[in-house]
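Here's a short set of exercises to work through with the viewer open. Try each one yourself before reading the solution.

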Amino acid sequence: MSDTFDEDRKNRLNDRILASVDRYDSRKRVIRISYISSIAAILIIGIFTYSYFDQATSPSNLLQKAAASSNLDTSGSEVRLILNDQEEIGISDKEPELVYSSNGTAIKINNERSLNQSTDRPGRTSYNTLVVPLGTKSQLTLSDGSKVWINSGSKLTYPSRFAKGKREVALEGEAIFEVAHNTESPFHVLAGGNDIKVLGTVFNVTSYRDDDYVSTALQSGSVEIGYTDESRFFDSDKSITIVPGTLASYNKKKQKINAKKTDIAPYFSWRDGEFIFQNDDLRYIMKKISRHYGVSITITDDTLARQTFSGNLDIDNDLDTVMEIMKRTSNFEIEKKDNRININKPNRERP
């Protein structure tokens, strides 16, 4: 009897010991899992925070943030220079030329007067924006010596002085670039989802907000165009390199790019006061005339809008002269009201 009792006590004692050990192991597992989870959470938050702030403070994002903060108001008549702290300077000169000093602190306008700005901002880049309204154009020499011809209805944002290793500008509208050669500091134009990278060359970029395409026409040198390609399942970053005499067109909606050899003279002719049209339809032609002269033009007939034309147009002439020249080449009527022009089919052809 005594042996049985002792055996039972032993078994119960053994069960309690085993249960206690199990509870201790469970607590250890919980503590271990909690510890590992905490470390993982800290790592994830750290990586996310680093990536977020690293991206937010990258030169490209700071440049595009500065570009987005400058309103593109093309309704005025003056070219506007917006200095870093949103100080805005109106320039009433016709087609003004601005030249930056190599340290970015002095800006000459038409070689007649100068502006000064402070670029002494430790750890921060000072950005300027040049806004060119419809009906005019402007020329700019950046702090590295690169030249930019900016067409009407456009804006260009750039550092007052480029940092070492990378030169970046942001364009909305149209501009011709003649980039100062520097193998150690590539020049990038960010425009409509394209990153156009060069070392030193001459090229045109057209990237108006209301156009479906961003186009790059290369006159000399070499250009690499980075873009986002839309695939069936996910987007990917791609790039192409084009050679002189090539036009690359990037479809902003389909996120596809097409490059072809062509006569690129029409993409540079506006700089010299001339439009060259090569089998272009009337809708395209009137959009260019509308931007150049700062006037709204509507073609009221689709068939008329699709008619094509070729030839040269002297855009140093006034608007009335240009429209009369265009009217001689086709069968349409012009209806003017205030700052608007309607292009109509002749009355006798109307139903």
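**Exercise 1.** Which element supplies the largest share of the lining of the largest pocket?

*Solution.* Keep in mind that this is a predicted model. Start with the space itself: the largest pocket holds about 940 Å³. Next, list what surrounds that space: 30 residues line the pocket, with Tyr213, Ser215, Tyr267, Asp280 and Tyr284 lying nearest its centre. Then sort the lining by element: strands S14 (213-220), S17 (246-251), S18 (256-261) and S19 (274-281), along with H3, each put in at least two residues. The winner is H3, with six residues. For the chemistry, split the lining by type: 10 residues are nonpolar, nine polar and 11 charged.

**Exercise 2.** Find the buried residues of helix H5 (residues 319-329), and work out why they sit on the same side of H5.

*Solution.* Use under 20% relative accessible area as the cut-off for buried. In H5 that picks out Leu319, Val322, Met323 and Met326. Now look around the axis: these residues cover an arc of only 95°, so they end up on the same side of H5. Finally, see what covers them: the list includes helix H3 (282-293) and strands S21 (308-314), S22 (333-337) and S23 (340-344).

**Exercise 3.** Which residues have the most contacts inside the largest nonpolar core?

*Solution.* That core has 40 residues, and the ones to pick are Leu81, Phe177 and Phe203. By element, strand S10 (residues 167-178) gives the most to this core, with four residues. Apart from it there's another core, of 30 residues, including Ile264, Ile285, Tyr293 and Phe332.

Methods. Residues are numbered from 1 along each chain as its sequence is written. This is a predicted model: local features need pLDDT of at least 70, side-chain atom pairs count only at pLDDT 80 or more; totals for chains, interfaces and linings use all residues. Side-chain values use heavy atoms; hydrogens and water are left out. A nonpolar core is a set of buried Ala, Val, Leu, Ile, Met, Phe, Trp, Tyr and Cys residues joined through side-chain atoms within 4.5 Å. Buried means under 20% relative accessible area, exposed over 50%, partly exposed in between (1.4 Å probe, protein chains only). The arc is that of the directions from the helix axis to the C-beta atoms. Contact means heavy atoms within 4.5 Å. On a 1 Å grid over the protein atoms alone, a cavity is a set of points where a 1.4 Å probe fits but cannot get out, and a pocket is an open set with protein on both sides within 12 Å along at least five of seven lines; lining residues have an atom within 4 Å of a point. Grid points are joined across faces, edges and corners, and a volume is the space filled by probe spheres set on the points. Ala, Val, Leu, Ile, Met, Phe, Trp, Tyr, Cys and Pro count as nonpolar, Asp, Glu, Lys and Arg as charged, and the others, Gly among them, as polar.
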